[in-house]
Amino acid sequence: MRATPFGPEKEEALHQLVRRINSSSGGVRVILFSTSEGVPLGRIYAEDCGNLSEEVLASVESTWAPASKQFPLLGQGKDIQTVTAMYDVGNLIHVYQTPLVVTILTAPHANLGTIRSIALPILKEVLDSLCQTLLSSLTPNTSAQDSRMM
């Protein structure tokens with residue numbers, strides 16, 4: 001299991017969220033966190049996640065996350081925040097919360113309504129401070145650049 005960038009309190013809140021959703025037939029197997037460039041940041045596994053292929057998870061992290069940059073190019077708008085993909089073997093829910101991409105992998109029978117109505121608002125609230133920290137770290141420090149120019 002990988003370490004996550006969340007710290008113990010946020011990580012426990014995310015595990016509680018998965019348990020809460022799964023107690024309502026949510027069917028969450030794992031939540032993947034990555035940057036919009038596809039850099040994996042961490043994972044939160046459900047207690048009964050089943051057999052998940054590391055190769056598939058790594059592919060989802062590196063391939064699907066950067067796809068968020070393609071929506072405006074496809075005329076889909078820049079305001080898309082969630083995308084749901086349904087497959088025979090399970091579902092993917094991608095949540096775009098700049099600069100993070102959160103991908104929720106679920107079982108085929110998952111209650112997607114529960115996930116979208118309960119989990120997504122809580123997830124956004126839990127991750128808001130991390131997103132703000134990441135955004136501020138990506139913003140160039142103009143005062144440091146100005147002092148180097150002098």
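User: Before we turn to the pocket, what counts as a helix or a strand here, and how are they numbered?

Analyst: Helices (H or I, at least four residues) and strands (E, at least two) are DSSP runs, numbered from the N terminus. Please keep in mind throughout that this is a predicted model.

User: Which of these elements supply at least two residues each to the lining of the second largest pocket?

Analyst: The general idea is that rolling a probe the size of a water molecule over the atoms shows where empty space is left. In this structure, the second largest pocket has a volume of about 270 Å³, and at least two residues of its lining come from each of helix 2 (54-64), strand 4 (90-97) and strand 5 (100-106). Helix 2 provides the largest share, four residues.

User: How many residues line the second largest pocket, and which lie nearest its centre?

Analyst: The lining consists of 15 residues, and those nearest the centre are Arg29, Val56, Val89, Leu92 and Leu105. Sorted by class, the lining of this pocket holds nine nonpolar, five polar and one charged residues.

User: Strand 4 contributes to that lining; how many of its residues are buried?

Analyst: Buried means under 20% relative accessible area, and eight of the eight residues of strand 4 are buried, so the strand is largely enclosed by the rest of the structure. Taking the two faces in turn, Gly90, Leu92, His94 and Tyr96 are buried on one side, while Asn91, Ile93, Val95 and Gln97 are buried on the other. Leu92, one of these buried residues, is also among those nearest the centre of the second largest pocket.

User: Which strands pair with strand 4, and in what sense?

Analyst: Strand 3 (residues 82-87) pairs with strand 4 in the antiparallel sense over six bridges, and a hairpin joins the two through two residues; within this pairing, tyrosine 87 has glycine 90 of strand 4 as its bridge partner. Strand 5 also pairs with strand 4 in the antiparallel sense, here over seven bridges, with two residues between them in a hairpin, and tyrosine 96 has valine 101 of strand 5 as its bridge partner.

User: Turning to the backbone, what is the sign of phi at serine 25, and where does the residue lie?

Analyst: In general, most residues other than glycine have a negative phi. Serine 25, by contrast, has a positive phi, near 60°, and is found in the loop between helix 1 (7-22) and strand 1 (28-35).

User: Is serine 25 buried, partly exposed or exposed?

Analyst: Serine 25 has a relative accessible area of 48%, which means that it is partly exposed, since the term exposed is kept for values over 50%.

Conventions:
Residues numbered from 1 in each chain as written. Predicted model: local features only at pLDDT ≥ 70, side-chain atom pairs only at ≥ 80, totals over all residues. Heavy atoms only, no water. 1 Å grid on protein atoms, 1.4 Å probe; cavity = no way out; pocket = protein on both sides within 12 Å on 5 of 7 lines; lining within 4 Å. Points joined across faces, edges and corners; volume = space filled by probe spheres on them. Nonpolar A, V, L, I, M, F, W, Y, C, P; charged D, E, K, R; others polar. Buried < 20%, exposed > 50% of the residue type's maximum accessible area, 1.4 Å probe, protein only. Pairing = 2+ DSSP bridges.
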